[in-house]
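Hello,

Here is the structure I promised to pass on. Please open it alongside this note; my findings follow.

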Amino acid sequence: MSLPAAVCVPELRPLWTAVHGRLSTGRRVTSVRVGPLDEAQRDAVADLLGLARRPGTHCSVSLATLEAVLDDLGTDITEVVSDLVGPVGDRAAERARAEAERVALWEWLEHHPEVRGRPALEEWARQVRRAGVRGSVVGTRRDLEAALAVLARLPAEGRPLPTLAGEVLGDTHAL
């Protein structure tokens, strides 16, 4: 379905960008603040909303009003901003998912048999946790798995580090 021409006016871009940003927070949205708007953008907002006067350079737009206008045009807010700006995200859900992944990582490290079996590693695990995830959770876990695999093979008396690295990590230069 193509969008009505009234919403595709280039001067409305700041409005759609602001609405997209607010909807992507994942929180309830009742209005959106947009601006600064130049004269043409202010005229476009007034025309779209059917306002008798041009709004100020910064204005607040009620989503209920915007939804009613878009409904009359045969479309909705999500369709408009998705087509004109991009898919609407849910940053709140993304943050919750990322936090759950970090919690799972630290639980895994804390309960890893190598950490549990060597009391000295418990403090190391706490320090690693305090340092936080560097890059991604997946990459951090991969690095921790490698470190713990090497620690599981220690002491490796008389074995050169490149040999140990090759045996444990498959790369003679990994250590």
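I started from helix H2. The cover over its buried residues includes H1, strand S2 (59–62) and H3. Keep in mind that this is a predicted model.

H2 itself spans residues 39–49. Its buried residues are Gln41, Arg42, Ala44, Val45, Ala46, Leu48 and Leu49. Both ends of the helix are worth a look. At the N-terminal end, aspartate 38 acts as the cap of H2. One of its side-chain oxygens sits 3.1 Å from the backbone nitrogen of alanine 40. Just after H2 comes glycine 50, with a positive phi of about 70°.

Next, the packing of H1 on H3. H3 covers residues 63–72. The two helices pack at an angle of about 120°. Their axes are 13 Å apart. The crossing of H1 past H3 is left-handed. H1 contributes Leu15, Trp16, Val19 and Leu23 to the contact. H3 contributes Leu63, Leu66 and Leu70. By class, that contact holds seven nonpolar residues, no polar and no charged ones.

Then there is serine 24. It lies in the loop between helix H1 (13–23) and strand S1 (31–34). Is serine 24 buried or exposed? Its relative accessible area is 4%, so serine 24 is buried. What does its side chain reach? A polar atom of the serine 24 side chain lies 3.1 Å from the backbone nitrogen of glycine 89. Setting aside neighbours within four places in sequence, serine 24 is in contact with Val88, Gly89, Asp90 and Arg91. Glycine 89 therefore turns up twice in a short list: in the contacts of this buried serine, and as the partner of its side chain.

Two cis peptide bonds to check:

- Glycine 35 and proline 36 are joined by a cis peptide bond, with omega about 0°. Proline 36 is in the loop between S1 and H2.
- Leucine 154 and proline 155 are also joined by a cis peptide bond, again with omega about 0°. Proline 155 is in the loop between helix H8 (137–152) and helix H9 (161–169).

On cysteines: how many disulfides are there? The count comes to zero. Cysteine 8 is in no disulfide. The cysteine sulfur nearest to that of cysteine 8 belongs to cysteine 59, 19 Å away. A disulfide needs the two sulfur atoms within 2.5 Å, so this pair does not qualify. Cysteine 59 is likewise in no disulfide, and the sulfur nearest to it is that of cysteine 8. Their surroundings can be compared through accessibility. Cysteine 8 is partly exposed, with a relative accessible area of 37%. Cysteine 59 counts as buried, at 8% relative accessibility.

Last, a point in helix H8. Alanine 147 lies in that helix. Its relative accessible area is 28%. That is above the 20% limit for buried and not over the 50% needed for exposed, so alanine 147 is partly exposed. How far is its C-alpha atom from that of leucine 169? The two C-alpha atoms are separated by 9.3 Å. Along the chain, alanine 147 and leucine 169 are 22 residues apart.

That is what I have. Over to you.

Best wishes

Conventions:
Residues numbered from 1 in each chain as written. Predicted model: local features only at pLDDT ≥ 70, side-chain atom pairs only at ≥ 80, totals over all residues. Heavy atoms only, no water. Helix = DSSP H or I, 4+ residues; strand = E, 2+ residues; numbered from the N terminus. Buried < 20%, exposed > 50% of the residue type's maximum accessible area, 1.4 Å probe, protein only. Polar contact = N/O pair within 3.5 Å; in protein donor to acceptor, adjacent residues only side chain to side chain. Contact = heavy atoms within 4.5 Å. Axes fitted to C-alpha atoms, helices over the stretch in contact; angles between N-to-C directions. Left-handed = near helix turned anticlockwise from the far one by under 90°. Nonpolar A, V, L, I, M, F, W, Y, C, P; charged D, E, K, R; others polar.
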